[in-house]
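Mentor: Please look at the structure below. Then ask how each label is justified.

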There are 2 protein chains.
Amino acid sequence: MSNNDIKQSLKLYIVLSRANKAINEVTNQFFQDHGLNPTEFAVLELLHHKGRQPLQQIGNKILLASGSITYVIDKLEKRGYLERVSCPSDRRVTFAEITEAGTEFMKELFPEHEENLHELLSVLTPEEKDTAIELLKKLGLSIKDLSY
Amino acid sequence: MSNNDIKQSLKLYIVLSRANKAINEVTNQFFQDHGLNPTEFAVLELLHHKGRQPLQQIGNKILLASGSITYVIDKLEKRGYLERVSCPSDRRVTFAEITEAGTEFMKELFPEHEENLHELLSVLTPEEKDTAIELLKKLGLSIKDLSY
DNA sequence: TATTGTTATACTCTATAACTATA
DNA sequence: TATAGTTATAGAGTATAACAATA
């Protein structure tokens, strides 16, 4: 493997990092303008799109320890965006369920989030986006596989 | 603009985020194995490749407030990887300069970092990497422009 | 007056460990 | 015994504001 191949990989890493960072700066600011941090948005998005979830599973999906989940869920519950619901069949389990207010909030927020992203990515044609999606998907899956 | 275009952009955002996250999990672990966090690696990399820098400018380049820069530079100085050098022509200014030990450290670390990345990206052919570089570079630059 | 860097302080987020209650 | 969630606690990293030295 040549030195040029190494440099090419480094270059790809740099442009990938920069593109990701540039997008995140915009989306994180958007979340913050609406009183959320990225973790909180991730939780609300999960509950909004996938329905109520046991706290444990939320922690697994967004990679957060149980004590940290309690903290995040507390904050969102205090703001009225979700509520805790006991599981009748297993009384150890608590679901987080998005409230009416939380649903309204996400119905407003999520399409705006999508449009922000669409605008940020507008320099690429639909064909270029398909190409990028294919390459990045292959890359992401491959790296996940390598990690196991 | 159609709903499908919006969904395509969302999809691109998701695969981009995931690929980036997958890479960062590996590189951050690599940094941590060598006693550094990503910010500290970024500072050392800057000094290693671009030479000594006024503290203020380091803060600008890696987006850190002046009080936080003092904290990071303190930590790296205590480990012997850099030292503070007064600027003779403007006595308000302090440079951070990488030491011999820091240089040796980076001469060992950086090629290993590059090889790790190369392996992580090995699922893509050189041609695919060139395509990805071109698209992501265009994307990153365009978003930066949109922010101003 | 403006700028550089330091100090002191506080805050946010996350992890860990001990605990309670269920299973 | 094992699991779900809470509580208490600690730590890392960052930001802010007040400050001293210098321009």
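Trainee: What makes the pair formed by A:Arg91 and DNA strand C a polar contact?

Mentor: A backbone N or O atom of A:Arg91 lies 2.8 Å from a phosphate oxygen of DNA strand C. A polar contact is a pair of N or O atoms within 3.5 Å (within protein, one must be able to donate a hydrogen and the other to accept it, and residues adjacent in sequence count only if both atoms are side-chain atoms). The value of 2.8 Å is within 3.5 Å, so the pair qualifies.

This is a predicted model, in which local features need pLDDT of at least 70, side-chain atom pairs count only at pLDDT 80 or more, and totals for chains, interfaces and linings use all residues. Side-chain values use heavy atoms, with hydrogens and water left out; residues are numbered from 1 along each chain as its sequence is written, while chains are lettered from A and ligands numbered from 1 in the order in which they are written.

Trainee: Which part of DNA strand C does A:Ser68 meet, and which part does B:Thr70 meet?

Mentor: A:Ser68 has a side-chain N or O atom 3.0 Å from a base nitrogen of the strand. B:Thr70 instead places a polar side-chain atom 2.9 Å from a phosphate oxygen.

Trainee: What makes a residue count as near DNA strand C, and how many residues surround the strand?

Mentor: A residue is near a strand if one of its heavy atoms lies within 4 Å of it. By that cut-off 20 residues surround DNA strand C, with A:Lys75 and B:Gln56 among the closest. Helix 4 of chain A gives the most, with four residues. By class the 20 residues divide into five nonpolar, nine polar and six charged. Here Ala, Val, Leu, Ile, Met, Phe, Trp, Tyr, Cys and Pro count as nonpolar, Asp, Glu, Lys and Arg as charged, and the others, Gly among them, as polar.

Trainee: How do you know what the protein meets on DNA strand D, sugar or phosphate on one hand and bases on the other?

Mentor: Of the atoms of DNA strand D within 4 Å of the protein, 76% belong to sugar or phosphate and the rest to bases. Two phosphate contacts can be named: a polar side-chain atom of A:Arg84 lies 2.7 Å from a phosphate oxygen, and one of B:Asn37 lies 2.5 Å from a phosphate oxygen. Around this strand there are 21 residues, and helix 4 of chain B gives the most, with four.

Trainee: Why is the pair B:Lys75 and B:Glu40 called a salt bridge?

Mentor: A salt bridge is a side-chain nitrogen of Lys or Arg within 4 Å of a carboxyl oxygen of Asp or Glu. The closest N and O atoms of B:Lys75 and B:Glu40 are 2.7 Å apart, which is within 4 Å, so the name applies. B:Lys75 is in helix 4 (residues 66-78) and B:Glu40 in helix 2 (residues 38-50) of chain B, 35 residues apart. Helices (H or I, at least four residues) and strands (E, at least two) are DSSP runs, numbered from the N terminus.

Trainee: Is each of these two partners buried, exposed or partly exposed, and how do you know?

Mentor: Buried means under 20% relative accessible area, exposed over 50%, and partly exposed in between (1.4 Å probe, protein chains only). B:Glu40 is at 2%, so it is buried. B:Lys75 is at 25% and is therefore partly exposed.

Trainee: What does the salt bridge of B:Asp74 and B:Arg84 join?

Mentor: Their closest N and O atoms are 3.0 Å apart. B:Asp74 lies in helix 4 and B:Arg84 in strand 2 of chain B, so the pair ties together parts that are 10 residues apart in sequence. B:Asp74, at 27%, is partly exposed, and B:Arg84, at 28%, is partly exposed too.

Trainee: Why do strand 1 and strand 2 of chain B count as edges?

Mentor: Chain B has an open sheet of three strands in the order 1-3-2, with antiparallel pairing. Strand 1 (53-54) and strand 2 (82-86) each have a single partner strand, so one side of each is left without a neighbour in the sheet.

Trainee: What makes strand 1 and strand 3 of chain B a pair?

Mentor: Two strands pair if DSSP finds at least two bridges between them. Two bridges join strand 1 to strand 3 (residues 94-98), so the pair meets the rule. B:Gln53 has B:Ala96 of strand 3 as its bridge partner.
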